[in-house]
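Good morning, and thank you for making time for this presentation. I shall go through one structure, region by region, and I ask that you keep it open as I speak.

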Amino acid sequence: MKFETPHSVDDAVAILRADPEARVLAGGTDLLVRLRAGHISPSAVVDIKRIPGMRDISQEDGGWRIGAGVSCAEMGEHAGLKAAYPGVVEGAELIGSTQVQGRCTMAGNLCNAGPAGDSVPAMVAAQATARVAGPNGTRDVAVFDIPTAPGQTSLAEGEFITSIFLPAPPAHSSDAYLRFIPRTEMDIAVVGCAVNLTLDAAGTVTSASMSLGAVGPKVKQVDASALVGTICDDAAVEALAAAATAAATPIDDKRGTIAFRKDVSGVLAKRAARIAYIRAKGASS
Amino acid sequence: MAKDEFEKREFKVVGTRVARPDGLDKVTGRARYGADMSAPGMLVGYCLRSPHAHARIKSIDTSEAEAMAGVKAVITRADFTNVPASDGTRDILDNVMANDKALYDGHTVAAVAATSRSAAKAALKAIKVDYEVLPHVTDVDAAMLPGAPELHQGRQQESVPEGFSQNVLARSQYGHGDVDAGFAQADVIIERSFKTAATHQGYIEPHACLATMGNDNQGDLFCCTQGHYMVRNTCADILGMESGRLRVTASEIGGGFGGKTTVFLEPVALMLSKKSGKPVKMTMSRDEVMRASGPTASTSIDIKIGTTRDGVITAATGEFRYQSGCFYAMNGALGAMCGFAPYDLENLKSVGWEVTTNRPKAAAYRAPGAPMAAFAVESVVDEVAKEIGMDPIDFRLKNAADEGTKSAYGPTYPAIGLRATLEAAKAHPHWSAPLGKNQGRGVGCGFWFNFGGDTCVSLMLNPDGTVSLSEGNPDIGGSRASMSMMAAEELGVPYENVRTIVADTASLGQNEVTDGSRVTFAVGLATIKAARHAIEIMKARAAATWGIDAEAVEWVDGAAQPAGPNAGKFPPLTVKEIAATMSNTGGPIAGHFEANAEGAGVSFGTHICDTEVDPETGAVKILRYTVFQDAGKAVHPDYVEGQLQGGAVQGIGWALNEEYIYGEDGTLQNAGYLDYRIPVASDLPMIEPVILEIPNPGHPYGVRGVGETGIVPPLATIANAVSRAAGVRMTSLPMSPPKVLAAIKAN
Ligand SMILES: Cc1cc2nc3c(=O)[nH]c(=O)nc-3n(C[C@H](O)[C@H](O)[C@H](O)COP(=O)(O)OP(=O)(O)OC[C@H]3O[C@@H](n4cnc5c(N)ncnc54)[C@H](O)[C@@H]3O)c2cc1C
């Protein structure tokens with residue numbers, strides 16, 4: 001097995017294109033675990049963190065570009081990013097433990113394509129895009145369209161994600177992410193739910209998006225229009241909860257039953273909506 | 001041994017919190033655990049394990065594997081030609097290397113020793129096993145029914161009545177009085193059925209060993225175990241060698257909790273070494289530990305308790321059905337003995353059942369069999385108290401066993417500490433602290449027998465006056481510190497002057513396993529007696545030096561001195577002075593003591609727990625937890641507190657989220673710590689330990705074992721708290737969020 005450390009995007013693409021068995025290494029918190037467990041035996045591991053720009057968080061068109069090598073802990077220490085997208089950052093910061101946080105990345109979480117990835121729902125609710133580099137140049141893809149099924153992505157041979165872009169947040173907007181786990185940390189989401197809201201100056205919701213994790217083969221976008229035109233009152237959040245419960249298509253497994261996951265989808269939708277609303281109002285005052 | 005060993009005294013060392021002797025090695029990584037030993041020319045060994053829950057092994061073809069590069073030995077059951085002497089050891093052999101059938105997912109069917117891990121793993125893939133898959137059963141109630149898939153034939157004991165499958169191996173009954181007459185006197189009768197899932201001890205260190213067997217049939221084994229004498233005796237029996245030809249050295253141990261009281265890898269490693277002629281190291285992966293070591297029994301229990309309106313229990317019955325995996329284990333019987341042990345009952349019938357299923361054979365897990373029984377009994381006790389409107393502690397006090405009570409399992413109790421723990425719980429601020437919305441408080445009691453057993457200690461005086469102490473029990477709870485403390489106390493020397501080591505099997509006589517909470521009691525007793533033996537020798541040396549009778553010398557504060565004015569006037573001779581001249585006064589000085597220690601002294605505990613239940617998700621939060629337990633005498637209070645806290649924490653895991661989950665195909669679905677959910681630090685409040693000291697008459701310092709009782713009350717205590725917080729009685733463990741939410745919604 002080879003270990004490659006390309007210093008440019010083009011070099012990385014060339015290596016990946018030449019060797020379909022090569023795997024990208026970001027934080028390695030999924031890749032190395034699978035390697036050691038004997039689930040995968042790639043011909044090469046391509047560490048992308050030495051490519052310039054991969055470790056940067058930068059402002060762009062009022063939004064935020066996050067390099068594919070930025071660790072979730074670094075996101076948690078970035079005041080500007082946290083203020084703009086507290087929900088995205090809290091999702092990223094729920095991954096693993098302090099030790100895992102120091103390595104893991106959002107792009108890795110996305111490309112691992114686990115249905116329960118904690119950073120994904122808030123990115124999707126924020127309409128984030130991924131910048132994908134490949135043999136045919138660069139393209140921007142909605143984060144929602146990267147995972148296609150458990151463990152599978154829409155990335156073509158030779159392609160990898162170089163950064164994630166969070167668009168400029170509108171005034172009076174904010175987001176929140178909650179997950180349910182049976183313990184308090186070091187666990188895999190039984191349900192994850194992100195809500196992203198924009199209000200008008202008076203506090204009425206003008207646009208809302210919601211996405212759910214761990215209740216289907218990939219992250220789900222759920223209609224959150226029940227909140228639009230409301231002040232996130234009890235009736236509105238109950239309607240949102242009903243939409244979440246209806247949209248969830250979980251399976252029965254060792255981590256939870258169908259009935260439980262559908263119920264909890266609704267509960268988290270309510271709770272996340274309330275948090276996002278308070279944040280958006282706070283941001284507007 | 002007499003039960004009147006205890007003598008009141010002022011302690012100087014015992015009861016203090018001295019530095020632990022193994023601390024530095026452990027925090028610096030210098031401590032040698034099971035996998036940390038290597039030998040020149042060493043091979044690595046790996047097991048091939050059954051992917052089926054139940055299958056006949058029609059044939060195993062190892063020829064391709066044997067021919068592979070780097071492969072030095074491949075073994076199957078055919079290599080174990082010796083038939084072990086005892087039934088128990090034959091079961092162990094069948095467990096470590098399947099005979100004609102694979103009995104559970106993960107059962108070893110062959111093993112390989114090779115020069116590298118990759119060579120060994122490739123060889124495992126090349127072994128061809130022809131299985132005939134058989135119907136399987138993993139649930140205890142299903143396994144008992146006539147017509148259930150059966151694991152063994154002809155192993156049912158005579159105690160089992162007609163009408164059950166061959167999986168029901170034994171039935172045992174305890175109790176006294178007339179339960180029908182007792183229930184007739186009751187004003188309130190509550191009857192409930194309970195289920196508990198199998199759990200794992202969750203020790204951090206996986207099983208590991210290094211085995212060396214020569215052509216001269218002499219062997220050495222270094223391994224992680226709770227009892228290296230047990231390992232020696234068992235392996236020698238399996239391999240058909242004299243036990244004196246096998247020397248076993250215990251490694252430092254990263255947790256055991258009862259799970260390391262038997263063997264898994266050791267006979268396999270010895271056989272691989274024998275066949276290859278090389279040292280062989282084996283280490284289990286976590287997946288192997290979960291699938292193929294010894295978890296607890298899962299259970300199905302019925303309890304019925306009748307009481308008068310003013311709170312006197314008139315009768316109680318219990319049926320304790322325990323599945324203990326694929327071989328006989330005495331777990332249901334222990335449940336039937338322990339469940340009602342805290343109570344003074346006039347009429348009791350308590351029945352234990354031992355049932356085999358297609359699961360790994362259960363091993364001990366701290367107080368084996370007792371926590372599940374306590375869960376069921378204490379849940380009904382709680383409900384009965386609630387029904388008659390009595391405070392649950394008052395109800396327990398009213399029915400509590402005392403000195404002179406005929407116990408549930410037969411004997412009459414000597415002085416015991418149950419009432420003291422209940423009274424301490426009632427008086428503690430925790431019991432009367434206010435509760436908030438969705439919060440509930442539970443209380444529960446627990447009992448464990450404790451044990452003594454075969455024990456040897458040698459205490460050597462070094463020429464500079466320091467002391468070396470050898471014990472034969474792996475230190476899983478701080479016993480090296482405690483032994484050094486008790487030796488220092490008795491000799492009258494500083495703690496720092498005594499170093500205790502765990503000697504190998506060739507260095508001391510037979511020692512029982514570190515189990516049954518026996519070590520601080522039994523090895524402690526032997527340490528004190530070995531020290532007294534050494535003191536007698538030192539007194540005799542002083543007497544000879546002074547030219548007076550040995551009887552005229554007494555031992556005070558670490559020195560020999562003339563006993564009273566008539567004995568003569570000589571300045572005291574200290575340990576150091578006696579040691580310095582011992583070569584000339586008769587030679588080296590050592591004390592030793594060997595006995596089958598009796599008088600262990602039963603142990604009781606009472607726990608209180610506050611929980612908060614999220615009514616929308618069923619998530620349970622442990623808000624506050626207090627443990628009250630009788631330690632007899634806490635030799636090193638830090639370690640005792642650690643045992644009480646550890647028992648509570650393991651109980652919290654068992655009560656809330658830990659469970660062996662089997663699929664339709666009988667394979668284990670969660671063989672790892674992602675989906676087998678042990679509590680993490682952030683799940684837990686600080687557990688407050690309250691140590692009570694009611695001296696055990698059977699120990700010179702009053703010590704009782706404390707290692708196991710702490711896991712007995714938590715399942716019940718937490719279930720009582722959750723049931724009160726959720727407003728619905730929880731009768732199935734674990735109380736995982738989906739189960740709690742379903743119960744709330746069904747209510
Ligand atoms: C102890 C522990 C706890 C964990 N807890 C959680 C948790 O709570 N929630 C959660 O969601 N996850 C959890 N995980 C999983 C993991 O940490 C996350 O999925 C993490 O975000 C992966 O990021 P990484 O940078 O380490 O990815 P890597 O392991 O480097 O890569 C993951 C996969 O994505 C591919 N990849 C990585 N970067 C790119 C890229 N830029 N372009 C294309 N492909 C790429 C890799 O080839 C690999 O297949 C946990 C893992 C561990 C070990």
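**A covered helix, two chains and their spaces**

I begin with helix α3 of chain B, whose buried residues are Thr89(B), Asp91(B), Ile92(B), Leu93(B), Asp94(B), Asn95(B) and Val96(B). Please bear in mind throughout that this is a predicted model. The helix spans residues 87–96, and with 7 of its 10 residues buried, α3(B) is mostly covered. What lies over those buried residues? The cover includes strand β5 (108–114) together with helices α7 (228–239) and α8 (266–276), all of chain B.

The helix also takes part in an open space. The second largest pocket holds about 920 Å³. Its lining consists of 33 residues, and those closest to the centre are Thr261(B), Thr262(B), Lys361(B), Ala364(B) and Asp515(B). Two elements, α3 and α7 of chain B, each give two or more residues to this lining. Which element gives the largest share of the lining of this pocket? That element is α3(B), with 5 residues. By residue class, the lining of the second largest pocket comprises 16 nonpolar, 11 polar and 6 charged residues.

One of the residues closest to the pocket centre, Ala364(B), leads to my next point. The backbone oxygen of Ala364(B) is reached by the side chain of Gln201(B) at 2.7 Å. Where is Gln201(B) placed? Gln201(B) sits in the loop of chain B that runs between β8 (188–196) and β9 (208–213). Is this residue buried or exposed? With a relative accessible area of 3%, under the 20% cut-off, Gln201(B) counts as buried. Leaving aside residues up to four places away in sequence, Gln201(B) touches a set of residues that includes Gly256(B), Phe257(B), Gly258(B) and Gly259(B). Also among its contacts are Gly294(B), Pro295(B), Ala363(B), Tyr365(B) and Gln650(B).

**Enclosed cavities**

I turn from the pocket to the closed spaces. How many cavities of 30 Å³ or more are there? The count is 6. The largest of them has about 70 Å³ of space. It is lined by 14 residues, and Gly114(A), Pro115(A), Val120(A), Pro147(A) and Val219(A) are the closest to its centre. Helix α8 (120–125) and strand β8 (147–149) of chain A are the elements that give two or more residues to this lining. In composition, the lining of the largest cavity has 11 nonpolar residues, 2 polar and 1 charged.

The second largest cavity has a volume of about 60 Å³. Its lining belongs to chain B and is made up of Arg49(B), Asn95(B), Val96(B), Tyr104(B), Thr108(B), Phe264(B), Leu265(B), Met284(B) and Ala292(B). Here we meet α3(B) again, since Asn95(B) and Val96(B) are among the buried residues of that helix. The division for this cavity is 6 nonpolar, 2 polar and 1 charged.

**The ligand**

Around the ligand there are 32 residues, of which Val24(A), Thr29(A), Asp30(A), Thr105(A) and Asp118(A) come nearest. I would draw attention to three polar contacts. From Leu31(A), a backbone N or O atom lies 2.7 Å from an oxygen atom of the ligand. In the side chain of Asn109(A), an N or O atom is 2.8 Å from a ligand oxygen. For the side chain of Arg179(A), the corresponding distance to an oxygen atom of the ligand is 2.9 Å.

**Backbone geometry**

I close with three local features of the backbone. Which two residues are joined by a cis peptide bond? They are Leu733(B) and Pro734(B), with omega at about 0 degrees. Pro734(B) belongs to the loop between α20 (714–726) and α21 (737–746) of chain B.

In chain A, two residues other than glycine have a positive phi. His172(A) has phi near 55 degrees and is located in the loop between β10 (160–166) and β11 (173–180). Ala214(A) has phi of about 70 degrees and is located in the loop between β13 (205–213) and β14 (220–222). How exposed are these residues? His172(A), at 23% relative accessibility, counts as partly exposed because the value lies between the 20% and 50% cut-offs. Ala214(A), at 10%, falls under 20% and therefore counts as buried.

Note on methods
Residues numbered from 1 in each chain as written. Chains lettered and ligands numbered in written order. Predicted model: local features only at pLDDT ≥ 70, side-chain atom pairs only at ≥ 80, totals over all residues. Heavy atoms only, no water. 1 Å grid on protein atoms, 1.4 Å probe; cavity = no way out; pocket = protein on both sides within 12 Å on 5 of 7 lines; lining within 4 Å. Points joined across faces, edges and corners; volume = space filled by probe spheres on them. Helix = DSSP H or I, 4+ residues; strand = E, 2+ residues; numbered from the N terminus. Nonpolar A, V, L, I, M, F, W, Y, C, P; charged D, E, K, R; others polar. Buried < 20%, exposed > 50% of the residue type's maximum accessible area, 1.4 Å probe, protein only. Polar contact = N/O pair within 3.5 Å; in protein donor to acceptor, adjacent residues only side chain to side chain. Contact = heavy atoms within 4.5 Å. Near = heavy atom within 4 Å.
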